[in-house]
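This report describes the fold, the burial of residues and selected local features of one protein. The sequence and the structure are shown first.

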Amino acid sequence: VLGAIPGPIAYGALIDQTCILWSSKCGKQGYCLEYDHIGLAKVVLGVPLAVRFLTTACFALSWFFCRRRGEGNNSTDLNDKDCEETRCIYETTI
């Protein structure tokens, strides 16, 4: 819940920054009538690209550090007896 709430609010605030002309009723600010097209294009394209880059960088770093930590463990190496038992169990269940 906390991860999904701030995103649209922040994205909407950035889009509102590109507004050139606001409507007004009774002295209160209403909705945007005209956007700066260049600024809006930068927000609509730039924000998702920046977030995707950040996500990819975090994934790459976590993969790198987890892989380095796991190199010392050879727990995935099975000897021939374990492979035969696994193969036998697999063939009997099919």
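A residue is called buried under 20% relative accessible area, exposed over 50% and partly exposed in between (1.4 Å probe, protein chains only). By this measure, 7% of the 94 residues of the protein are buried. The model is a predicted one, in which local features need pLDDT of at least 70 and side-chain atom pairs count only at pLDDT 80 or more, while totals for chains, interfaces and linings use all residues. Residues are numbered from 1 along each chain as its sequence is written, and side-chain values use heavy atoms, with hydrogens and water left out.

The protein has three helices and two strands, in the order α-β-β-α-α from the N terminus. Helices (H or I, at least four residues) and strands (E, at least two) are DSSP runs, numbered from the N terminus.

Three residues illustrate the range of accessibility.

| Residue | Location | Relative accessibility |
|---|---|---|
| Serine 23 | strand S1 | 14%, buried |
| Cysteine 26 | loop between strand S1 (19-25) and strand S2 (28-35) | 83%, exposed |
| Phenylalanine 59 | helix H2 (residues 37-70) | 58%, exposed |

Serine 23 is in contact (heavy atoms within 4.5 Å) with Lys28, Gln29, Gly30, Tyr31 and Leu33, leaving aside residues up to four places away in sequence. Cysteine 26 has a positive phi of about 55° although it is not a glycine. Most residues other than glycine have a negative phi.
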